[in-house]
Structures are given as structure tokens and as C-alpha cells.
Amino acid sequence: MSQPSSPSTTESGATTVLIVGAGPTGLALAVGLARSGVPFRLLEAEPGPRPGSRGKGVQPRTLEIFEDLGIAERVMANGRMAVPMTSTGPDGQVTHAGAIPESLANRPDVPYAASVITPQWRVEEALRGRLEELGAVVEFDSTVVDIEQSDDGVMAEIDSARGTETLAARWLVGADGGHSTIRKRAGISFVGETRDDVRAVLADLPVSGLGRETWQTWRHPSGIVSLCPLPSTDLFQYVASLAPDAEPRLGLADLQETLRERSGRADIRLHEPEWRSVWRANVRLAERYRAGNVFLAGDAAHIHSPAGGQGMNTGIQDSYNLSWKVAAVVNDGAPAALLDTYEAERRPVAADVLELSDSRLAASLRTNAGAVDRGASTIQLDVGYRGSPLACDDRDDRAALRAGDRAPDASGLRAVDGEHRLFDLLHGGRFTVLSFGPSLIAAFPGCALRLLRVVANPGSDGEIADVDGNLVRAYGAREGTVVLIRPDGYIGLISDAGDLQAVTDYVADFARPGEKTDPEQC
């Protein structure tokens with residue numbers, strides 16, 4: 001494969017960002033950089049796209065990110081939202097789960113109220129397609145052998161089908177999975193444990209004698225077995241737990257016998273798998289997310305059980321956080337210290353995800369329950385960055401919405417060009433000022449801003465009417481409230497006092513080389 005053209009490389013063959021690993025995390029980072037015009041190269045050691053359903057649940061917050069990146073419709077077209085789940089016990093008692101949580105149904109601030117089931121390879125396919133539309137490609141069969149850092153960047157030695165190459169990059173991002181070569185070369189510890197006593201067999205295979213309407217799990221004294229239909233394919237994902245001392249057996253006859261024993265169903269027939277693997281429980285978190293000019297993202301930085309469907313989603317959100325910050329430094333002259341906030345914001349999130357998935361795994365092992373209801377605690381809409389150096393507001397602790405929180409959506413907005421949801425107006429990786437006051441200052445220094453002002457009757461671009469009051473309710477706004485929404489859809493600043501100077505100062509910090517955002521300004 002030939003070397004990618006712009007925006008992937010500069011004319012000299014050097015690049016600004018070298019991304020290692022083209023799973024969902026690396027691809028999401030590449031798409032974010034490509035749409036911002038930041039030069040990068042994306043390397044993948046595998047010879048081509050990886051098969052396998054793997055992480056098959058896309059959470060609502062990730063769907064919001066995909067909408068901004070331009071692939072939500074593609075992902076949803078190849079998936080199914082709120083797949084019903086049934087769990088059958090040894091006594092034949094059946095429990096049901098998987099419906100849209102009542103607390104999230106029909107809410108104007110939540111466009112996606114449940115997770116979507118789709119094979120991971122479909123997510124990667126959609127991201128690669130978007131990347132190609134933006135003029136870049138994945139360089140498959142390309143392995144980073146070694147890296148050497150300096151104050152100015154990273155030199156990486158690469159082996160590929162084209163031979164050996166030494167590439168200079170300003171920054172390198174390791175998105176190369178739990179066994180990350182980049183993490184090891186950067187000397188970052190991966191703290192935690194591997195539990196060889198907690199394992200499972202996974203396979204993607206055709207099934208006959210079973211409907212595709214429901215994700216079914218059977219509980220048995222010897223373990224669980226489940227079959228989840230994979231939308232946009234004729235396959236199911238098969239999962240069967242392994243006893244601590246059991247030898248993994250991946251043959252079709254072995255999978256069939258385990259299903260018959262644990263389900264009691266001789267009428268369900270499995271067919272030859274298209275993909276199979278053995279999973280073991282790992283609970284690990286990188287000691288740091290950055291070493292000099294090397295960053296970690298996704299499974300290279302955190303790895304945990306699949307209970308609750310958090311892993312792929314957390315990695316994608318790592319990339320969404322990092323990409324806008326790199327773009328701000330490269331394109332807008334933001335201080336390089338902005339990149340320090342990546343670890344400050346994302347590592348605590350990963351620690352919480354590890355705690356959640358570990359507790360869910362423990363509950364599953366204790367009750368032998370298998371699939372569990374993926375309710376409000378797993379959908380990641382409550383992930384936020386309160387306390388971040390990038391969070392400023394003049395609200396007190398009793399406020400429901402604070403700086404650092406996810407910016408809520410709102411339906412029923414009218415602009416001069418028609419009806420909109422708020423999220424329709426936030427796309428594109430830019431800062432947005434949302435004003436509930438009578439006016440906005442004419443211009444802000446530094447980054448190009450999107451300006452939205454709430455008025456009774458829109459008469460020009462940038463004016464919106466809150467027809468149903470959803471926007472005011474979602475933001476707890478009063479007359480004069482001003483909100484600054486970050487490019488990644490989180491609130492950077494809220495001022496109920498209508499302090500436009502605070503907004504000006506906040507934005508100016510992203511365009512003053514050598515100066516760091518000071519949270520005390522707000």
C-alpha cells in the first residue's frame with residue numbers, strides 16, 4: 001500500500017501524530033484528526049481488518065460521538081438498539097432485561113436512550129469508510145519495532161511490507177491494545193491483575209433452530225452459555241464460561257456439547273464458526289497516560305472485563321477527548337500544556353469503568369447470571385470532567401448541571417432554516433457559545449467560535465427559539481446565562497451571571513502559546 005496522502009502526512013514524509021493501532025480507538029482518533037486537518041499516519045500490525053464481533057455494544061454516549069464524526073447512521077443501520085435479553089435458570093425460570101430504561105425514554109436531552117448491538121468489525125468498517133472520505137487510509141502490516149524520544153518529538157522504527165522506515169512525529173499515540181508495544185517501549189507500568197481462573201470461549205457462528213429476536217443466556221451449575229444475534233449478519237456471538245481448570249476446546253462438536261448441556265436444548269444446532277477466541281479476565285490501568293511525547297489510549301491504557309459493555313466505548317471516548325486538544329494545539333496555537341488535561345480527565349474515567357466492570361463481573365460470577373441488564377449506569381451519559389482544569393462556572397454544588405458535564409441535547413429548536421435539535425448545531429469539532437442573554441460580544445479572540453443565541457423569534461443565522469422550553473430546562477438557564485460548549489460536547493464554562501469576559505478569557509487561553517488555562521479565572 002502506498003504512503004497516504006494529506007492529511008495523513010506532510011510533504012517531507014514526517015508527520016504530526018503517529019497512531020499505532022487501527023482498532024476502534026485508533027480509527028476514532030484518526031477521524032478526529034483528519035477532519036481537523038492535522039497530519040497523521042495510522043499503522044496497524046495486522047495484515048488487514050480483524051474479524052470477530054468482540055466488543056459488540058455501542059453505548060449512547062458513543063453514538064453521540066459517532067453522530068458528530070459522521071457515522072452514526074451507518075453504525076445504527078448495521079445494528080439493533082435495545083436488544084431484548086432473556087436469562088434462563090437451571091429451574092427453567094426466565095428473567096427478562098434489555099428494554100430502554102424508563103428514566104431515559106422520550107427525553108429531549110437524550111437522543112439515544114439505549115445501546116446498539118453490532119459487531120465490532122462493523123464499527124471499524126464505518127470508521128475506516130469515514131477516514132477514506134476524509135482522504136486518509138490505514139497502513140496495514142506495519143509494525144513499530146522501537147521508539148526514541150527527544151524534547152521535540154518521537155522517532156519510530158517501522159517494519160512493513162515496504163521495508164524498514166524511520167519516521168519522525170511530534171507525538172505518538174499507542175492504541176495498540178492490552179499487549180501494547182508502545183506502552184512497554186515508553187516504560188509505563190500496567191497495574192492490575194490477570195485472572196486465569198475467569199475465562200470464556202467466544203465464537204461467531206451460524207445457528208439454526210433459534211430465533212434472532214432475543215439475546216439468550218442459560219445458567220447451569222457448570223457455567224453459563226449465551227447466544228446473541230449479530231445484526232447485519234447471519235451469525236450469533238457464542239459465549240461459554242470455562243471452569244478454572246478446564247482446557248479450552250474450540251471445536252464445533254465441543255461448542256455444541258456445551259450448549260446442549262447448559263441449555264438443555266438439543267434442537268439448537270451450531271455451525272462452523274467464522275471466528276473463535278478464548279477470553280480471560282484482565283483488570284489493568286496504565287500508571288500514566290503520557291510519557292513525554294507518547295500517549296496511550298483504549299486498551300493500551302485500560303483493560304477490564306466486558307461486563308457492562310464499556311471497553312470499546314471508553315477507548316473511543318479517549319480518542320474523542322485527545323483529538324480536539326491536539327487539533328487546538330496544532331491549528332489554534334493553544335499551549336502544549338493543554339495535552340496534560342487528557343490524562344487528568346480520562347484516567348479517572350477509566351478507573352471508574354474498571355470498578356464498575358469488575359463489580360459487575362463479580363456479581364455475574366456470584367450469581368452465575370451471564371448477561372445483565374445494561375441500565376443507566378453503563379450508558380456513559382453521566383461521564384464528565386467536573387474538577388478538570390478546563391471546567392469553570394459560577395454555580396454552586398447544588399446545581400444539577402455544572403461545567404465539566406456532558407452538554408445535554410434539546411429538541412424543538414427553531415432557527416431561520418427550520419427545526420433542529422441542539423446537537424444538529426454543534427457538529428464539527430468547534431467551540432460553541434450558547435447565550436440566553438440579550439446580546440453577544442461581536443467577536444472572540446483566538447479560536448473560531450460558533451455563536452448561538454436564544455431569542456423569541458429568530459431573524460438571522462445563529463439565533464434559535466426554544467419553542468418547547470427544552471433548552472432552558474436542560475441547561476437550568478435563566479436570563480443572561482452563557483454556556484461555552486467544548487468541541488467534544490462537554491461544558492467548558494457556565495456563567496449564570498452572564499460573564500462574557502470570562503468566556504473571552506477562557507477562549508483566549510487556547511490561542512496564547514506558552515500560557516496554561518487557569519481555572520481560578522472563573
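**Exercise 1. The eight-stranded sheet**

In what order do the strands of the open sheet of eight strands stand, and how are they paired?

Solution. The model is a predicted one. Step one: read off the order. It is β21-β28-β27-β24-β25-β26-β22-β23. The sheet is open, and its pairing is mixed.

Step two: find the edges. β21 (392–393) and β23 (418–420) each have a single partner strand, so one side of each has no neighbour in the sheet.

Step three: examine one pair inside the order. Strand β22 (residues 413–415) and strand β26 (residues 463–466) run antiparallel, joined by two bridges. Within this pair, R414 faces A465 of β26.

**Exercise 2. The helix across the sheet**

Find the strands that helix α10 lies across, then decide how far the helix is covered.

Solution. Step one: place the helix. α10 spans residues 500–508. It lies across β21, β24 (431–435), β25 (449–454), β27 (482–485) and β28 (491–495). Its direction makes an angle of about 15° with β27.

Step two: count the cover. Seven of the nine residues of α10 are buried, so the helix is mostly covered under the cut-off of 20% relative accessible area. The buried ones are L500, A502, V503, T504, Y506, V507 and A508.

Step three: identify the cover. It includes β21, β24, β25, β27 and β28. These are also the strands that α10 lies across.

Step four: inspect the start of the helix. There, a side-chain oxygen of D499 comes to within 3.2 Å of the backbone nitrogen of Q501.

**Exercise 3. Strand β13 and its partners**

Which strands are joined to β13 by bridges, and in which sense does each pair run?

Solution. Step one: take the parallel partner. Strand β5 (residues 85–88) runs parallel to β13, with four bridges between them. M85 sits opposite W215 of β13.

Step two: take the antiparallel partner. Five bridges link β13 to strand β14 (residues 223–229). R219 has I224 of β14 as its bridge partner. The connection from β13 to β14 is a hairpin through two residues.

Step three: check burial. β13 covers residues 215–220, and five of its six residues are buried. The strand is mostly covered.

**Exercise 4. The three-stranded sheet and S53**

Work out the order of the three-stranded open sheet, then describe the setting of S53 in the loop that leads to β3.

Solution. Step one: the order is β3-β7-β4, with antiparallel pairing. The edge strands, β3 (57–58) and β4 (80–81), each pair on one side only.

Step two: look at β3 and strand β7 (residues 116–117). Two bridges hold this antiparallel pair. The partner of G57 in β7 is I117.

Step three: move to S53. This residue belongs to the loop between β2 (40–43) and β3. S53 has 0% relative accessibility, so it counts as buried.

Step four: list what surrounds it. Beyond neighbours within four places in sequence, S53 touches P119, Q120, W121, D204, L230, Q237 and W275. With D204 there is a side-chain polar contact of 2.7 Å.

**Exercise 5. R185 and the 145–147 stretch**

Is R185 buried, exposed or partly exposed, and which residues does it contact?

Solution. Step one: locate R185. It lies in helix α5 (residues 181–186). Its relative accessibility is 44%, so it counts as partly exposed.

Step two: collect contacts. Outside the neighbours within four places in sequence, R185 meets V145, D146 and I147.

Step three: add distances. R185 and D146 are 39 residues apart along the chain, with their C-alpha atoms 6.9 Å from each other. A polar atom of the R185 side chain is 3.1 Å from the backbone oxygen of V145.

**Exercise 6. The whole protein**

Summarise the protein in numbers, then check the cysteines C228 and C392.

Solution. Step one: count elements. There are ten helices and 28 strands. Step two: take burial. Of the 522 residues, 57% are buried. Step three: take the surface. About 20,800 Å² is exposed, 48% of it from carbon and sulfur atoms.

Step four: consider sequence separation. Of the contacts between residues at least 6 apart in sequence, 69% join residues at least 24 apart.

Step five: turn to the cysteines. The structure has zero disulfides. C228 is buried at 1% relative accessible area. C392 is buried as well, at 2% relative accessibility.

Conventions:
Residues are numbered from 1 along each chain as its sequence is written. This is a predicted model: local features need pLDDT of at least 70, side-chain atom pairs count only at pLDDT 80 or more; totals for chains, interfaces and linings use all residues. Side-chain values use heavy atoms; hydrogens and water are left out. Two strands pair if DSSP finds at least two bridges between them. Contact means heavy atoms within 4.5 Å. Axes are lines fitted to C-alpha atoms, for helices over the stretch in contact, and angles run from 0 to 180 degrees between N-to-C directions. Buried means under 20% relative accessible area, exposed over 50%, partly exposed in between (1.4 Å probe, protein chains only). A polar contact is a pair of N or O atoms within 3.5 Å; within protein, one must be able to donate a hydrogen and the other to accept it, and residues adjacent in sequence count only if both atoms are side-chain atoms. Accessible areas come from the Shrake-Rupley method with a 1.4 Å probe; for residues, only the protein chains shown count as cover. A disulfide is a pair of cysteine sulfur atoms within 2.5 Å.
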